Every structure is written in structure tokens, then in C-alpha cells.
Amino acid sequence: MQKTGSTPAKGFVVQPRRLPKAAAEKRVQDFGEIIVKPTAANVEVQAGRCTSCGVPFCQDACPLQNNIPDWLNLAAEDELREAWKASSETSTMPEICGRICPQDRLCEGACTLNVSGWEAVTIGSVEAFIADTAFDNGWVEPIRPLHERGQSVGIVGAGPAGMAAADRLRSAGYQVTVYDRHDRAGGLLMYGIPGFKLEKRIVQRRLDRLAEGGVEFVTGCEVGKDVTVEELRERHDAVLLAMGVYRARALSVPGAGPGDTLPALDYLIQQNRRDLGDAEGQDWTHAKGRRVVVVGGGDTAMDCVRTAVRQGAESVVCLYRRDKANMPGSAREVQNAEEEGVVFEWLGAPKALMSREGSISSVRAARMALSEPEFGKRREIIPVPGGDFDLSADLVIEALGFEPEAFAEHHPELALTEWGTVVTNQTAASGFATSLDGVFAAGDAVRGASLVVWAVRDGQDAAAEIDRYLRTRTEEQAA
């Protein structure tokens with residue numbers, strides 16, 4: 001590949017965007033990642049398509065504000081170790097974000113090439129390759145604090161926000177203990193996201209680094225049940241609530257009773273446990289030979305339909321009340337699902353579950369239409385008279401989103417919003433402090449259900465705030 005000193009050639013003029021993805025008929029045979037690991041030469045070519053534009057819109061669109069043009073240019077020049085340093089400065093888990101971020105809605109969607117019609121640089125693929133290369137070559141340095149600070153932080157939740165905070169706090173010299181309800185750490189990264197998007201060895205590699213660096217994980221521990229927030233405040237100098245939101249929104253239609261439908265996360269956890277080798281002796285739902293209808297239009301719905309295809313379902317239909325253009329999930333994930341044989345019923349809302357001989361036989365749906373567009377408002381959905389239709393189904397999966405659990409049970413003085421998320425002090429100086437002194441909150445526990453990359457950003461920023469809080473308290477005690 002042609003190179004011009006420190007700035008790579010503008011390969012977008014002659015090189016098309018290429019994202020190495022396994023063919024649909026092959027990738028649906030297992031739960032391996034569908035993005036094929038590129039060669040170093042391919043990465044150089046794709047990274048070399050970056051135009052080094054004066055205003056890096058890709059960086060502005062990244063919640064982590066990653067220095068994307070910097071590490072793209074370094075990767076294009078085969079300076080992968082330097083690219084890794086630049087990549088890891090702003091992110092505690094670039095190899096994970098590079099795989100699961102909806103780049104089409106974030107960095108790649110804002111890429112100057114994408115806006116001008118040349119197709120975006122494959123930013124996510126390059127990011128993941130850089131990080132994987134760093135792990136393979138031993139460039140990922142272990143966590144070895146320069147000074148032990150003698151103070152401890154308890155983190156509730158071992159998902160992306162908790163992991164990111166633990167990395168930064170342990171690196172700063174704090175003793176860190178992470179509490180999680182599951183038997184493994186990783187949260188949704190481990191149990192919610194399917195292996196075809198994120199293989200579990202990638203998550204475990206990150207967890208191993210934290211554990212080897214001195215982070216203690218207490219699994220099988222549910223806050224509010226096995227331990228209280230007040231007890232954690234007594235054990236630690238600061239506490240971070242990063243437990244996410246897990247309560248599924250239920251399908252409320254006639255005919256839907258207990259056991260008639262399956263929450264999306266329950267379904268995904270079962271398959272992820274199977275992939276992790278936990279299937280023996282477990283009672284779990286399988287889609288093989290079944291007619292599956294998934295209700296919902298977000299990325300979790302896409303995870304469910306694509307999992308059902310891999311399990312060997314007879315048919316898989318995604319029922320969503322709006323049209324394709326208004327789907328909340330990533331357009332990339334919708335495309336992947338379509339390639340894998342999923343049928344989409346746009347503008348259809350579930351109306352009732354129909355049964356035969358005591359078992360679900362179909363989903364009755366109402367045909368919907370969108371209202372006329374109004375500036376600044378989302379278009380409403382309107383039932384079409386006489387437009388009801390039936391979808392054959394013997395497995396109905398609810399993917400309608402998530403709500404916060406009963407955080408109020410954790411502490412009577414913990415302030416909550418009307419939606420049940422944790423209230424934090426949203427000021428420039430203290431954006432993560434809760435109504436309890438020394439207790440902070442980050443990620444979905446504050447935002448509601450959101451993206452992993454935002455959880456990583458919040459975890460890192462919350463760690464910085466906790467560090468300031470503990471340092472200030474130390475100085476005050478010494479005065």
C-alpha cells in the first residue's frame with residue numbers, strides 16, 4: 001500500500017469499504033462472531049481510507065471521545081503498538097466497544113466519508129483489531145498502581161460501567177470490590193449479548209486482567225437481599241451503584257398469562273449459559289423447530305431473532321409497531337437479521353395471543369400507520385381499521401425494553417426519579433453523586449437502558465469523581 005510519510009494515502013478514492021463478514025448461510029450454523037478477523041494488511045488499507053479531516057466528526061459522535069483519527073492513521077502506518085496506546089487512553093475496553101457499539105449510529109455514521117457518499121471507514125473493526133493485537137502481543141499492561149491509597153470502593157454491578165470504574169479506581173491505587181448477583185462477572189456483556197456479536201473469551205480476558213490487578217469480585221451477591229447499601233457504606237469509603245436495569249417490560253394483551261411468553265433477557269441468558277458450558281441439568285427454552293415471534297424493535301429484539309435462527313427455528317418473525325426507518329435498533333443489526341432469514345412485520349402491534357388446546361398458536365396483530373410528521377415530534381402510530389392479521393407462533397419472546405428494578409428497597413433515603421432510576425447531582429463538579437453521602441451511581445442505573453459505550457464512559461467518569469471525593473476527604477481529615 002502506498003504511504004506518504006506520517007499521513008496515510010487517502011485510500012477511500014481507490015479502496016472501497018470492506019467489512020469482513022462471514023456469509024449468512026455459514027454464520028447461522030454456530031454462535032461464533034460473524035465479523036471475520038481481518039489481516040494486518042486489510043486493516044492498513046481500511047484505516048488508510050481515513051481522510052484526516054480537520055474536524056473529526058467521528059470523535060465528536062463517540063461517547064468516549066476516542067482519538068479515532070489518531071489511531072486510524074497509526075494503524076494505516078503499521079504502528080499498531082502506538083495505535084493501541086492512543087486507543088486505550090480514552091477507553092478501558094476498546095476491544096469490546098469495537099465489536100458491539102452501533103457504529104452506524106455513532107462514529108461511522110458521522111464519518112466525513114459517510115456523509116459525502118464514499119462509505120465510512122470501518123472504525124469498529126479496526127478498533128477491535130488493534131486491541132486484539134495488543135492482547136496477543138502482551139502490550140496490554142497489567143494493573144500495577146504506583147501507590148496504594150489505603151481506601152476502598154465497593155461497586156454494585158459487574159457490567160460495563162462497573163468494570164470500567166473498577167479499572168480506573170484500582171489503577172489509582174484504591175482497593176476495589178465488585179458485587180454482582182450472577183455467578184459470573186460481566187453483566188450483560190457476559191449473559192445478555194450473544195456470542196455472535198461478542199465471544200465470551202473477550203469479556204473474560206478483561207475480567208481476568210482486573211482480577212490479576214487486585215480487583216475482588218463477589219458473585220452471587222444481590223444488593224438489597226444478600227447485602228444492603230448501608231452495609232456497603234460501612235465496609236467501604238465510597239460506593240458506586242452500577243447495577244443497570246433488568247426488569248423487562250411485559251406484553252400486556254389478552255391471552256398473555258404466566259408462562260405464555262418469554263422475556264428476552266431470560267432467553268438470551270439461557271443461550272449464553274449454554275455457550276459457557278452450563279447447559280447440563282438446566283431447564284431452558286429452545287427454538288428448534290418452533291415458530292418464533294419476537295415483539296420489539298431494539299437491539300435486544302435483534303439478538304433474540306438471530307439467536308432463534310441459530311437454534312434452528314422453523315420460522316422467525318420480528319413484529320414491530322413502527323416502520324423500518326423508525327426502528328430504535330441499529331440498522332446494521334437489522335440488515336444482519338434480514339440476511340439470516342428473519343422476516344420483519346413492520347407497522348404491526350400485538351393485539352392478543354391466540355391459543356389452541358392450551359398452547360399458544362398465533363399472535364393476533366393490528367396493522368398500524370404513522371401519523372403525518374410534525375416538526376420536533378415523533379410520529380404517532382395509528383391503528384388501521386380492519387387491518388388485523390395473525391402470525392403463527394408457538395414461542396413468543398418479549399423484547400419491549402427494560403425498566404429499573406426496585407432501587408428504593410436498597411435504601412429509604414436514596415432519591416429516585418419518577419421512572420425509578422437513581423437521581424444524581426448533575427453539576428459540572430459532581431455529576432454522579434447520589435442523595436447519600438459517599439454513594440455514587442453510573443450507567444443504566446442513572447440513564448435507563450442505554451448503550452454499552454455510554455456505560456463505559458459513565459464508569460470512567462464516575463471513577464474520576466470518586467477519586468476526587470476521596471482525595472478531598474483525606475485532605476480534610478489531615479487538616
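This report describes a parallel sheet, several buried residues, the cavities and three residues with positive phi in a predicted model.

**The parallel sheet**

Five strands make up an open sheet, with parallel pairing and the order β5-β4-β3-β6-β18. At its edges stand β5 (216-218) and β18 (439-441), each of which pairs on one side only. From one strand to the next, the twist averages 20 degrees. Strands of a sheet pair through backbone hydrogen bonds, and the pairing may be parallel or antiparallel. Here β6 (residues 238-241) is joined to β18 by 3 bridges in the parallel sense. One bridge partner can be named: valine 239 is matched with valine 439 in β18. Helix α18 (residues 452-478) packs on this sheet and touches β3 (152-156), β6 and β18. The direction of α18 makes about 165 degrees with that of β6.

**A hairpin**

Strands β12 and β13 run antiparallel and are joined by 8 bridges. Glycine 348 has arginine 367 in β13 as its bridge partner. The hairpin leaves 2 residues between the strands, and glutamate 357 takes a positive phi near 55 degrees there. The loop that holds glutamate 357 lies between β12 (348-356) and β13 (359-370). Because its relative accessible area of 81% is over the 50% cut-off, glutamate 357 counts as exposed.

**Helix α4 and the residue after it**

Helix α4 (residues 68-76) is largely enclosed by the rest of the structure, because 7 of its 9 residues are buried. The buried set consists of Ile68, Pro69, Trp71, Leu72, Asn73, Ala75 and Ala76. Aspartate 78, just after α4, takes a positive phi of about 65 degrees.

Most residues other than glycine have a negative phi. Besides aspartate 78 and glutamate 357, a positive value is found at glutamate 119, with a phi of about 80 degrees. Glutamate 119 sits in the loop between α8 (112-115) and α9. With a relative accessible area of 44%, glutamate 119 is partly exposed.

**Individual residues and their accessibility**

The table lists the relative accessible area of five residues.

| Residue | Relative accessible area | Class |
|---|---|---|
| Arginine 27 | 4% | buried |
| Cysteine 101 | 9% | buried |
| Glutamate 44 | 13% | buried |
| Glutamate 119 | 44% | partly exposed |
| Glutamate 357 | 81% | exposed |

Arginine 27 belongs to helix α1 (residues 24-27). Its relative accessibility of 4% is under the 20% cut-off, so arginine 27 counts as buried. A polar atom of the arginine 27 side chain lies 3.3 Å from the backbone oxygen of asparagine 336. Apart from neighbours within four places in sequence, arginine 27 is in contact with Lys21, Ala22, Ile34, Arg306, Arg310, Asn336, Glu339 and Glu340.

Glutamate 44 is part of helix α2 (residues 40-47). The C-alpha atoms of glutamate 44 and alanine 128 are separated by 13 Å, while their positions lie 84 residues apart along the chain as the sequence separation.

Cysteine 101 is placed in the loop between α6 (94-100) and α7 (107-110). Cysteine 101 and tryptophan 454 are 353 residues apart in sequence, yet their C-alpha atoms are 9.8 Å apart in space. When neighbours within four places in sequence are left aside, cysteine 101 is in contact with Arg332 and Val453.

**Cavities**

Rolling a probe the size of a water molecule over the atoms shows where empty space is left. In the whole structure, a search finds 3 cavities of 30 Å³ or more. The largest cavity holds about 100 Å³ of space. Its lining has 15 residues, and those closest to the centre are Cys62, Asn66, Cys101, Cys107 and Glu127. Two elements, α4 and α9 (123-136), give two or more residues to this lining. The largest share comes from α9, which supplies 3 residues.

Cysteine 101 thus appears twice in this account: it is buried at 9% relative accessibility, and it is among the residues closest to the centre of the largest cavity. Helix α4 likewise recurs, as a helix with 7 of 9 residues buried and as an element that gives two or more residues to the lining of the largest cavity.

Conventions: Residues are numbered from 1 along each chain as its sequence is written. This is a predicted model: local features need pLDDT of at least 70, side-chain atom pairs count only at pLDDT 80 or more; totals for chains, interfaces and linings use all residues. Side-chain values use heavy atoms; hydrogens and water are left out. Two strands pair if DSSP finds at least two bridges between them. Helices (H or I, at least four residues) and strands (E, at least two) are DSSP runs, numbered from the N terminus. Axes are lines fitted to C-alpha atoms, for helices over the stretch in contact, and angles run from 0 to 180 degrees between N-to-C directions. Contact means heavy atoms within 4.5 Å. Buried means under 20% relative accessible area, exposed over 50%, partly exposed in between (1.4 Å probe, protein chains only). A polar contact is a pair of N or O atoms within 3.5 Å; within protein, one must be able to donate a hydrogen and the other to accept it, and residues adjacent in sequence count only if both atoms are side-chain atoms. On a 1 Å grid over the protein atoms alone, a cavity is a set of points where a 1.4 Å probe fits but cannot get out, and a pocket is an open set with protein on both sides within 12 Å along at least five of seven lines; lining residues have an atom within 4 Å of a point. Grid points are joined across faces, edges and corners, and a volume is the space filled by probe spheres set on the points.
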